[in-house]
Amino acid sequence: MNTQLHALLTKLQEMPHTDKDSIQKGLLQLQKTDAYVRDENPYEHFCVFCVPIVPSKRLVYIGDHIRAEGWIPPGGHMEVGESTMQTLKREFEEELQYKITFEITELFDFTVNNVHSVGRECKVHLDFWYVIQ
């Protein structure tokens, strides 16, 4: 079992605003298999997303994601051996061409989403959500 992901899900369980059913699904997925990234489990895997905000200017950054066919916050699939923060930094730089040089991040939610994408193996994303200021 991935202890880092388990610890994050346990922390989220204590937050009053989180969806406990989604968190339970994440914990069950970790118990069920050690294959938690897309390369090891193309059907059901963990991802990391973030909502970059600038409160003083009332800005939220999102990007036009071609594969997702919509405007979404930056994020994506975890890779083998990555922590959620490593995934977040890599995806942020890949999608926004901006390197995160500060550590003002806050884990705030976890969701489970069915993926409906023609021609792709992804069926379920188990998503950690962070806020970056």
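## Exercises: pocket, core and first helix

In this predicted model, α3 gives the most to the lining of the largest pocket, with 4 residues.

**Exercise 1.** Describe the largest pocket and its lining.

*Solution.*
- Start with size: the volume is about 690 Å³.
- Next, find the centre. The lining has 28 residues, and His 65, Ala 68, His 77, Arg 120 and His 125 lie closest to the centre.
- Then assign elements. Two or more lining residues come from each of β5 (75–77), α3 (84–96), β6 (105–114) and β7 (124–132).
- Last, sort by chemistry: 11 lining residues are charged, 9 polar and 8 nonpolar.

**Exercise 2.** Find the residues that touch the most other members of the largest nonpolar core, and the elements that supply this core.

*Solution.*
- The core holds 24 residues; Phe 46, Phe 110, Phe 128 and Tyr 130 touch the most other members.
- At least two core residues come from each of α1 (3–13), α2 (20–32), β1 (44–54), α3, β6 and β7.
- The top contributor is β7, with 5 residues.
- Now take Tyr 130. Beyond four places in sequence, its contacts include Leu 8, Val 48, Val 51, Met 85, Leu 88, Leu 107 and Phe 108.
- The general rule: in soluble globular proteins, nonpolar side chains tend to be buried together.

**Exercise 3.** Work out why the buried residues of α1 line one face of the helix.

*Solution.*
- List the buried residues of α1: Leu 5, Leu 8, Leu 9 and Leu 12.
- Look down the axis of α1. These buried residues fall within an arc of 95 degrees, so they line one face.
- Check what they pack against: α2, β1, α3, β6 and β7.

Technical notes: Residues numbered from 1 in each chain as written. Predicted model: local features only at pLDDT ≥ 70, side-chain atom pairs only at ≥ 80, totals over all residues. Heavy atoms only, no water. 1 Å grid on protein atoms, 1.4 Å probe; cavity = no way out; pocket = protein on both sides within 12 Å on 5 of 7 lines; lining within 4 Å. Points joined across faces, edges and corners; volume = space filled by probe spheres on them. Nonpolar A, V, L, I, M, F, W, Y, C, P; charged D, E, K, R; others polar. Core = buried A, V, L, I, M, F, W, Y, C linked by side-chain atoms within 4.5 Å. Buried < 20%, exposed > 50% of the residue type's maximum accessible area, 1.4 Å probe, protein only. Contact = heavy atoms within 4.5 Å. Arc of directions from axis to C-beta.
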